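This report is meant for a reader who is meeting the structure for the first time. It begins with one residue and its surroundings and then turns to the chain as a whole.

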Amino acid sequence: MAKVKGAVTIDDARCKGCDLCVVACPTDVLGLHPNEVNDRGYHFAYVVNPDACIGCASCALVCPDACIEVYRVVEK
């Protein structure tokens, strides 16, 4: 049986650090960068645990700035 894994990409230059994606993720894949800020001065979201992503796209659905893309990869 094929296993579906997810891959998340975040446009950190557009991210305003609202934390909605971090809260929406059921597998704790995302987090806010504690030490770095983007050009706009926000602590941006980043992928903390990429192997835990299941490709549900909950993070992308709640992102108000549409700066998250989720891809699903089928592993055979």
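## A side chain held by backbone oxygens

The side chain of N38 reaches the backbone oxygen of C15 at 2.7 Å, and a polar atom of that side chain also lies 2.9 Å from the backbone oxygen of D12. These distances, like every other value in this report, are taken from a predicted model. Both D12 and C15 appear again among the residues that N38 touches, together with A13 and F44, when residues up to four places away in sequence are left out of the count. N38 itself is found in the loop between strand 2 (30-32) and strand 3 (45-47). Is N38 buried or exposed? With a relative accessible area of 9%, N38 is buried, because the cut-off for a buried residue is under 20%.

## Two loop residues with positive phi

Two aspartates in other loops have a backbone angle worth pointing out. D19 is not a glycine, yet its phi is positive, at about 75 degrees, and D28, which is likewise a residue other than glycine, has a positive phi near 55 degrees. The loop that holds D19 runs between strand 1 (3-10) and helix 1 (20-24), while D28 lies in the loop between helix 1 and strand 2. D19 is partly exposed, whereas D28 is exposed. The table sets out the relative accessible areas of the three loop residues discussed so far.

| Residue | Relative accessible area |
|---|---|
| N38 | 9% |
| D19 | 29% |
| D28 | 58% |

## The chain as a whole

The loops described above belong to a chain whose secondary structure comes to two helices and four strands, and which follows the pattern β-α-β-β-α-β when read along the sequence. The radius of gyration of the chain is 12 Å, close to the 11 Å that the globule rule gives for 76 residues, so the chain is as compact as a globular protein of that length. Taken along the principal axes, the box filled by the C-alpha atoms is roughly 45 × 20 × 20 Å.

Of the contacts in the chain with a separation of 6 or more, 61% are accounted for by residues 24 or more positions apart. Buried residues make up 26% of the 76 residues. The chain exposes about 4900 Å², and carbon and sulfur atoms supply 53% of that area. As for charge, the chain carries 7 positive and 10 negative side chains, and the centres of the two sets lie 9 Å apart.

Notes:
Residues are numbered from 1 along each chain as its sequence is written. This is a predicted model: local features need pLDDT of at least 70, side-chain atom pairs count only at pLDDT 80 or more; totals for chains, interfaces and linings use all residues. Side-chain values use heavy atoms; hydrogens and water are left out. The radius of gyration is taken over C-alpha atoms; the globule rule is 2.2 Å times the number of residues to the power 0.38. Buried means under 20% relative accessible area, exposed over 50%, partly exposed in between (1.4 Å probe, protein chains only). Contact means heavy atoms within 4.5 Å. Accessible areas come from the Shrake-Rupley method with a 1.4 Å probe; for residues, only the protein chains shown count as cover. Lys and Arg count as positive and Asp and Glu as negative; His and the chain ends are not counted. The place of a charge is taken as NZ of Lys, CZ of Arg, CG of Asp or CD of Glu. A polar contact is a pair of N or O atoms within 3.5 Å; within protein, one must be able to donate a hydrogen and the other to accept it, and residues adjacent in sequence count only if both atoms are side-chain atoms.
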